[in-house]
Amino acid sequence: MKPPFKHLSPFLVRCFLATLLGASASSALAVAPARPIINSKIEFTRSGFKDSGVDTGGNTHSYLIRWERKSVDEEGFRINITGAVTTSQLAGAGSQSAIVSLPGLAEGLKLNFTVTAWKYNGTVIESATSGSATFTIPAGLNGPGTFGTPTAFSVKRATRKVTVGGTEQTVNDDGVLEFTWTDNSTAELFNQIQYREVSGPANQWSHLAFVNFSTSGVTIDSLRPRLIPSTAYQFRIRATVQASLTSNGSLESSVVDFTTAPLTGPESLSAEVMRENLVRLTWRDNSSNETSYDISRNDGSGNFISLGQVGENVTSVNIPINQGTVNEWRVTAVHQSPPIGSSTLTTIRSANSNSVTLSSSFPAPTEVMAATSGFANTIDVSWKDNSNSEYGYNIYCRAQGETTYNFARAVPAGVTQISVNSQALTTTNEIPNFTPLQAGVSYEFVVRAVNSSESIFSVDSSPASANSNRATAKDGFTASVSARQGFMSQLSTGGEAGQAFTYTLATSNVGNRSTWTVSGLENTGLTFSDSTGIISGSQPMSGLIPN
């Protein structure tokens, strides 16, 4: 196995250092990544990466450098080595350790290690370098290193800090395991951890993880494997020279039995209305071995129906809802992973969280007003928009004295006025059949907000005046007005010059008409007969009849 990055050539090192010096001289305002903190303990082994392979003959030595990453915006790290040799090696962004392999050095020589976090900012490289850690080459380096079976191997749950009720507490971590062993090798580069399910075949051991070498005696390493909760496992470890399942190494350690923690359900579920059609659920994550959380809602019959799942460690989610409804919610932790040797997922569900019930509103329009329009058989209706999530508004009307409101118009969201000249007294195959409003008849109007599927309606609107005397409206009304009489004939663009022209006018209610006149006919060659309603004559020019 090759190291993640090869050493920089001396030329590249000089270029890199020159760029760093130029950055510090020309970019006073540039912000470098936060300075990493190097671990003063440098691990050492007598094997190492060389060219495209691994040298186990003692002529190449390896050093494990660890550091604490303090930056979030670095593009990488550079491990700097000075002292007996001067070189460097790169590590990727997010790294917190690296293995550096060097030609074997004589005992007693010293090496100094630092770690630089760097990022590229357009034309310059910004960087920050840790303090120094010193390592002295140990005595007794004659010949290659040895492989010894790890001893004192143990497994336990790691701990983590949580905040409950404003107080920080230390609790066992359900998903992170802590491995401890005594290292008895001087030539390994990695340690391989293996595991098996107790309920499976006795020889069905599987690879769990490779961890970096250590020759200091006791090693602790934390891993977060995808192990099935409440399941009995066995673990063992061996030293190896490569991160390979077939590489040479030590014998396996003694076997350790361990049962994984159960899947603990979430608690403290709460719900908050974000908008009339949006709710936010929030809960406390009590486990670290879940793979998702299942969100479910009571369908009204007492049965909770799953709406879908969110990822592990998620503690809140926004969910669309219908306006003006009452919903009951709960959340469940879920773990899904295949047993060893199987591709079929095992699904485990925790106990359900507490359930929480929340009502959402759907405010009705208010201040509805109706007024006689300037057009025949038409009434203008307006209202105040009180909702922030309506899909639109439905307008209904009825003649004064009637008990049933009929559909009249539908408008999009945000519209607050409309002219109404008809109502649907009947429907055919759910398609409204509109009938014109009758002149001289008073009508009452209500407006309702509707959702996108028109399955949810607000309550009926309230009138603009609290002094309305329309008490017969069972669920609220706005105002009552009469559509005025008016002309029903179509407008004309006039006739052609020098040709005879006639045009007949018609009104909405002949029986109630007393007198009528047409103005603007002067100097047009046309006259109007109030007995017949006919405009006739010969025009000197085209299109003179007024509209």
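Reader: Hi! What joins the side chains of arginine 236 and glutamine 194?
Author: Hello! A polar contact of 2.5 Å joins them. A polar contact is a pair of N or O atoms within 3.5 Å; within protein, one must be able to donate a hydrogen and the other to accept it, and residues adjacent in sequence count only if both atoms are side-chain atoms.

Reader: What should I know about the model itself?
Author: This is a predicted model, in which local features need pLDDT of at least 70, side-chain atom pairs count only at pLDDT 80 or more, and totals for chains, interfaces and linings use all residues. Residues are numbered from 1 along each chain as its sequence is written, and side-chain values use heavy atoms, leaving out hydrogens and water.

Reader: Cool. Where is arginine 236?
Author: Arginine 236 is in strand β17, residues 232-240. Strands (E, at least two residues) and helices (H or I, at least four) are DSSP runs, numbered from the N terminus.

Reader: And how far away is the nearest side chain of opposite charge?
Author: That side chain is glutamate 252, 4.1 Å away, and arginine 236 has no salt bridge although it is buried. For charges, Lys and Arg count as positive and Asp and Glu as negative, while His and the chain ends are not counted. A salt bridge is a side-chain nitrogen of Lys or Arg within 4 Å of a carboxyl oxygen of Asp or Glu. Buried means under 20% relative accessible area, exposed over 50%, and partly exposed in between, with a 1.4 Å probe and protein chains only.

Reader: Which residues does arginine 236 touch?
Author: Not counting residues up to four places away in sequence, its contacts include Phe153, Trp205, Glu252 and Ser254. Contact means heavy atoms within 4.5 Å.

Reader: OK, so how many salt bridges does a search of the whole structure find?
Author: The search finds 12. In general, side chains of opposite charge can pair when their charged atoms come close. One of the salt bridges is between arginine 66 and glutamate 43, with the closest N and O atoms 3.8 Å apart. This pair links distant parts of the chain: arginine 66 sits in strand β5 (residues 60-68) and glutamate 43 in strand β2 (residues 43-45), 23 residues apart.

Reader: Is glutamate 43 buried or exposed?
Author: Glutamate 43 counts as buried because its relative accessible area is 3%. Arginine 66, at 26%, is partly exposed. Both belong to a network of salt bridges that also includes Lys41.

Reader: Got another pair for me?
Author: Sure! Aspartate 174 and arginine 157 meet through their side chains in a salt bridge of 2.5 Å, N to O. Aspartate 174 is in strand β13 (residues 167-182), and arginine 157 is in strand β12 (residues 151-164), 17 residues apart. Aspartate 174 is buried at 10% relative accessibility, whereas arginine 157 is partly exposed at 26%.

Reader: New topic: where is cysteine 397?
Author: Cysteine 397 is in strand β29, residues 392-399. With a relative accessible area of 0%, cysteine 397 is buried.

Reader: What stands opposite cysteine 397 in β30?
Author: Asparagine 406 does. Strands β29 and β30 (residues 406-412) run antiparallel, joined by 6 bridges; two strands pair if DSSP finds at least two bridges between them. They form a hairpin with 6 residues between them, and glycine 401 in the turn has a positive phi of about 100 degrees.

Reader: Which other residues have a positive phi?
Author: Asparagine 429 is one of them, with phi near 55 degrees although it is not glycine. Glutamate 430, also not a glycine, has a positive phi of about 65 degrees. Asparagine 429 lies in the loop between β32 (422-428) and β33 (431-436), and glutamate 430 is found in the loop between β32 and β33. Asparagine 429 counts as exposed because its relative accessibility is 71%, and glutamate 430 is exposed at 76%.

Reader: Last one: how many strands does the protein have?
Author: The protein has 38 strands, plus 1 helix. Of its 547 residues, 42% count as buried. One open sheet has 3 strands in the order β36-β38-β37, with antiparallel pairing.
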